[in-house]
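Please open the model in your viewer and keep the selection tool at hand. The tour below moves from stop to stop, saying at each one what to select and what is to be found there.

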Amino acid sequence: MSRFEATFTELAKAGRSALMPYVTAGDPSLEWTERLVDRLIDAGADMIELGVPYSDPLADGPTVQAAGQRALANGTSVQGVFDLVRRIRSNHDETPIAILVYYNCIFRWGEERFVQAAKEAGIDAFVVPDLPPEEAESLQGIMEAHGLELAYLLAPTSNEERIRLVTERARGFIYCVSLTGVTGARTELSKQLEPFIARVRAGLSAHEKSVPLAVGFGISTTEHVKQVSGLVEGVIVGSALIDTFHNAPDPTQGVERCAALVSAMRSALGETLQVDGGRAR
């Protein structure tokens, strides 16, 4: 059983959704990223998503783009991210860790070499926003051979054919984009979210599958967390944490303010997940 599967299963039994903070690796440095991730896990994060900085992101809004540019300016590399995960693993062996990585980074290493290095570092899953499922069979096959999971993305604009394909192939979890657009803090969640989640659930049911759903993009406040906690198995928070960190007077206070936000969001999750066969309904 993978770390993601084990954690989702455990939390489903407890009637709670997972909290998955997103952190851009290397912003403002790999050393500060390590400190931040350590504190977020201590504050209640169930899973971690690390962004591998890339020069030409497609899915990232201004906040995450700026974080990626800062990380690249500081010399952050793919190898540096792998080394970072190794250090995190020394203190947090059971915490699931996914990386959000653009396909060019994988392509330049070669799929087999990249996946092998990620496995050795202690990474559990990839989110590859610019790799459509129609072109992902090779990478998913290599990842599964190494015991890693490829988390596909679906959005409210995904048609039924795309939903059928993703729900058929999905293994670890499905990343559900909460809105039409890029990442970034929002004041309100989309009214499309609930019917969109229902469409994805229907796709899974058609394949007689039970795969956790995690919602990201625009989740910014404890109120947002409360709103989605009964709908899905995972809640992903990114831009709000990056803003919180960089609005602090110094990195030390930034880490503590982010930890306080994660702690509040973890409390907001409560025990609101409706369990039906190990998955939300």
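The stops that follow take in packed helices, aromatic rings and a few single residues, all in a predicted model.

**Helices around H12**

Begin by selecting helix H12, residues 251-269, together with helix H2, residues 30-43, whose axes come within 8 Å and cross at roughly 30°. An angle under 35 degrees counts as roughly parallel, and H2 is therefore roughly parallel to H12. The crossing of these two helices, H2 and H12, is right-handed. To see the contact itself, show the side chains of Trp 32, Arg 35, Leu 36, Arg 39, Leu 40 and Ala 43 in H2, which meet Pro 251, Thr 252, Val 255, Glu 256, Cys 258, Ala 259, Val 262, Ser 263 and Arg 266 in H12. If you colour the contact of H2 with H12 by residue class, nine nonpolar, two polar and four charged residues should appear.

Keep H12 selected and add helix H10, residues 222-229, which packs against H12 at an angle of about 30°, with the axes 8 Å apart. H10 and H12 are therefore roughly parallel to each other, and their crossing is right-handed. On the H10 side the contact is made by Thr 222, Val 225, Lys 226 and Ser 229, and on the H12 side by Ala 264, Met 265, Ala 268 and Leu 269. The residues of this contact between H10 and H12 divide into five nonpolar, two polar and one charged.

**Helices H3 and H11**

Next, select H3 and helix H11, residues 239-246, where the axes come within 9 Å and the crossing angle is roughly 60°. That angle makes H3 oblique to H11, and H3 passes H11 in a left-handed crossing. Here Thr 63, Val 64, Ala 67 and Arg 70 of H3 make the contact with Ser 239, Ile 242, Asp 243 and His 246 of H11. By class, the contact of H3 with H11 holds three nonpolar, three polar and two charged residues.

**Aromatic rings**

How many aromatic pairs does the structure hold? There are ten aromatic pairs, and a useful one to display is that of Phe 8 and Phe 173, which is tilted, with 6.2 Å from centre to centre and 50° between the planes. This pair links distant parts of the chain, 165 residues apart, with Phe 8 in helix H1 (residues 3-14) and Phe 173 in the loop between helix H8 (160-169) and strand S7 (174-177). Phe 8 is buried, as is Phe 173.

Now move to Tyr 175 and Phe 217, whose ring centres are 5.9 Å apart and whose planes stand at 85°, so the pair is edge-to-face. Tyr 175 lies in strand S7 and Phe 217 in the loop between strand S8 (213-216) and H10, so this pair ties together parts that are 42 residues apart in sequence. Tyr 175 and Phe 217 are both buried.

With Phe 217 still shown, add Gly 61, which is found in the loop between strand S2 (48-51) and helix H3 (62-73). Gly 61 and Phe 217 are 156 residues apart in sequence, yet 9.4 Å apart in space, C-alpha to C-alpha. Gly 61 counts as buried, at 1% relative accessibility.

For a final look at the rings, select Phe 82, Trp 109, Phe 114 and Phe 126, which ring pairs link into a cluster.

**Phe 196 and its contacts**

Select Phe 196 in helix H9 and ask whether this residue is buried or exposed. Phe 196 is buried, with a relative accessible area of 2%. Residues up to four places away in sequence aside, Phe 196 touches Leu 154, Ala 155, Pro 156, Cys 176 and Val 177. Thr 157 can be added as well, since Phe 196 and Thr 157 are 39 residues apart in sequence and 8.8 Å apart in space, C-alpha to C-alpha.

**Two backbone details**

Most residues other than glycine have a negative phi, and most peptide bonds are trans. Select Glu 208, in the loop between helix H9 (193-206) and S8, where phi is near 55°, a positive value in a residue other than glycine. Glu 208 counts as exposed, at 77% relative accessibility. Finish at Pro 28, in the loop between strand S1 (18-24) and H2, where the peptide bond from Asp 27 to Pro 28 is cis, with omega near 0°.

Technical notes
Residues numbered from 1 in each chain as written. Predicted model: local features only at pLDDT ≥ 70, side-chain atom pairs only at ≥ 80, totals over all residues. Heavy atoms only, no water. Axes fitted to C-alpha atoms, helices over the stretch in contact; angles between N-to-C directions. Helix = DSSP H or I, 4+ residues; strand = E, 2+ residues; numbered from the N terminus. Parallel < 35°, antiparallel > 145°, perpendicular 65-115°, else oblique. Left-handed = near helix turned anticlockwise from the far one by under 90°. Contact = heavy atoms within 4.5 Å. Nonpolar A, V, L, I, M, F, W, Y, C, P; charged D, E, K, R; others polar. Phe/Tyr/Trp six-rings, centres within 6.5 Å; stacked < 30°, edge-to-face > 60°. Buried < 20%, exposed > 50% of the residue type's maximum accessible area, 1.4 Å probe, protein only.
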